[in-house]
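Biologist: I am new to this one. Please show me the structure, then teach me how to read it.

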Amino acid sequence: MTSKFLNGTLAAMLLMGMPMVSGCDDVSTELKAPVYSTKISEDDMRNSSFKDQFPLQYNSYMKNNESSVMTEYKGSVPFHKNDGTNPLPAGYKYAQPYLKNLWLGYPFMYEYNEARGHTYALEDFVNIDRINRYAEKGSLPSTCWNCKTPKMMTWIKEYGDSFWTKDVNTFRAPESLDAKEESISCPTCHDQKTMELRPYSEPLKDWLARTGQDWNKLSRNTKRTLVCAQCHVEYYFTHKDNGPAGRPVFPWDNGMDAEAMYQYYRTHGAKNPDGSQKPFADWVHAASKIPMIKMQHPDFEMFQDGPHGAAGVACADCHMPYMREGGKKYSSHWMTSPLKDPDLRACRQCHADKTADYLRSRVIYSQQKTYNQLIKAQDASVRGHEAVRLANAWTGEKAANYDQLMTEAREMVRKGQLFWDYVSAENSVGFHNPAKAIDTLMTSMECSLKAVDLCQQATMYGIAPALEGNIRDIVPPILEHSRKLQQDPAHLQTNPWLRLLPVLPPAEKVWDGQTKVSMK
């Protein structure tokens with residue numbers, strides 16, 4: 001057993017309050033990898049091309065087609081994550097009802113689902129309502145394909161940095177890619193000829209270059225995490241004033257915590273005439289008119305300094321554990337939650353002295369604490385937006401320093417939501433780093449409630465009566481909204497915040513998945 005893995009095992013056991021035990025001999029990640037020389041072309045991105053030479057890995061990869069198993073807080077059923085009234089699967093208890101409110105004015109408000117397995121990445125992407133299916137163009141850049149398919153390598157080779165600003169629908173049709181065969185799979189992480197782990201993601205390669213790291217000199221254990229970190233991260237699209245427009249970037253220059261990213265995003269936007277940078281923003285919130293950041297899925301950032309990540313445990317140790325079949329040992333390519341295994345074999349490779357039920361209870365304990373705080377932070381963020389909205393429209397007596405107070409209030413709403421979304425968008429519901437998850441959510445609440453107080457001061461407490469009581473009565477959660485519904489003026493009257501959106505012109509569907517619908 002290597003010292004690195006021993007340290008990882010110790011830290012993982014300390015997280016659970018467990019004594020050291022033997023039983024980890026089968027999961028060392030620093031063993032020399034087999035050397036391969038396949039006949040697969042470097043331009044072949046089809047997962048089936050790997051089937052004959054790697055049947056065990058391929059068969060386990062196909063288990064990602066499973067889309068019906070739920071864990072307590074997550075799962076692979078693609079239900080709408082905001083809807084606790086009509087949930088899928090039936091009885092799901094942990095919706096986040098304010099998602100559409102908090103992303104008001106941004107395509108995420110149209111649809112945001114629990115993710116299915118990697119085999120569905122392309123299929124779900126071409127069917128998501130965030131891409132405008134009622135027009136020829138999808139109203140999003142081609143950058144959005146970056147984490148969906150290894151065909152990115154082909155497209156970047158052909159188009160270079162001009163690729164990023166093309167419309168997303170440019171590559172949507174079946175002649176551009178096969179949604180079943182060219183989803184996230186073998187060539188996303190492996191060189192087709194040698195099967196060595198390799199980065200395909202441009203933003204990961206850029207980050208390695210910025211930080212002076214040579215992929216070929218990294219340990220295999222580090223690579224077993226970074227190939228996941230190609231996509232399970234926060235990222236943004238470069239503003240044209242700062243480089244190739246739309247090129248994805250990992251905002252890690254100041255660090256990987258929410259505070260470091262918040263500080264990073266205080267610049268990197270458009271440039272002023274004097275060359276100084278404005279704050280970066282993904283969109284302007286339709287209710288508060290605040291320039292906002294949409295966090296993506298900072299799984300790696302949350303994990304890397306958590307109990308397991310800091311100890312050297314790789315993503316693959318838990319989500320792609322070693323298996324044995326027919327006397328052969330291989331890494332499972334069913335990239336999923338260890339909790340879906342009733343026996344929790346991935347966890348018990350190290351925690352061998354504990355039962356599966358006990359280990360599951362410890363995971364759920366951390367997730368429950370995180371979820372409860374997540375909902376409180378979510379509600380506080382909505383209250384902050386509403387306070388700014390009311391203060392923006394206030395015509396009564398104002399404080400002498402009204403403008404200064406409102407500037408700070410808007411910044412606190414922006415920061416509070418970024419901190420909330422750092423945890424909300426992360427896929428472990430806090431388990432990857434329980435302490436950081438709770439601390440981040442507490443900061444989120446603190447910022448959002450400070451924004452409310454600043455708005456009260458700015459309006460000489462004139463808006464106070466309108467903010468009294470349960471925020472869900474003041475601003476009801478938007479449970480149903482879509483591009484099609486936004487074409488209906490009556491729908492926009494069903495919620496006070498929906499009334500702030502423009503009515504979209506009537507339009508029929510142009511795209512159905514990858515298929516162009518005939519237009520009359």
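Modeller: Begin with contact, which means heavy atoms within 4.5 Å. Next, helices (H or I, at least four residues) and strands (E, at least two) are DSSP runs, numbered from the N terminus. This is a predicted model: local features need pLDDT of at least 70, side-chain atom pairs count only at pLDDT 80 or more, and totals for chains, interfaces and linings use all residues. Residues are numbered from 1 along each chain as its sequence is written, and side-chain values use heavy atoms, with hydrogens and water left out.

Biologist: How many helices and strands are in the protein chain?

Modeller: The protein chain holds 17 helices and ten strands.

Biologist: How do I read burial?

Modeller: Buried means under 20% relative accessible area, exposed over 50%, partly exposed in between (1.4 Å probe, protein chains only). Of the 520 residues in the protein chain, 54% count as buried.

Biologist: Which residues of helix α7 are buried?

Modeller: Helix α7 covers residues 202-210, and E202, P203, L204, W207 and L208 are buried there. The buried residues of α7 pack against α5 (152-159), α8 (220-229) and β2 (248-249). Just after α7, G212 has a positive phi of about 70 degrees.

Biologist: Is α8 mostly covered or mostly open?

Modeller: Mostly covered: seven of the ten residues of α8 are buried. They are N221, K223, R224, T225, L226, V227 and A229.

Biologist: What about disulfides?

Modeller: A disulfide is a covalent bond between the sulfur atoms of two cysteines. The cut-off here is a pair of cysteine sulfur atoms within 2.5 Å. A search of the whole structure finds zero.

Biologist: Why is C186 without a bond?

Modeller: Because its closest cysteine sulfur, in C189, is 8.9 Å away, too far for a bond. C189 is in no disulfide either; its nearest cysteine sulfur, that of C228, is 6.3 Å away.

Biologist: Are C186 and C189 buried or exposed?

Modeller: C186 counts as buried, because its relative accessibility is 14%. C189 counts as buried too, at 18%.

Biologist: How do I judge the overall form?

Modeller: Use the radius of gyration, taken over C-alpha atoms; the globule rule is 2.2 Å times the number of residues to the power 0.38. With 520 residues, a compact globule would have a radius near 24 Å, and the protein chain agrees, at 24 Å. Its C-alpha atoms fill a box of roughly 80 × 60 × 50 Å along the principal axes.

Biologist: And contacts along the sequence?

Modeller: Take contacts in the protein chain between residues at least 6 apart in sequence: 67% join residues at least 24 apart.
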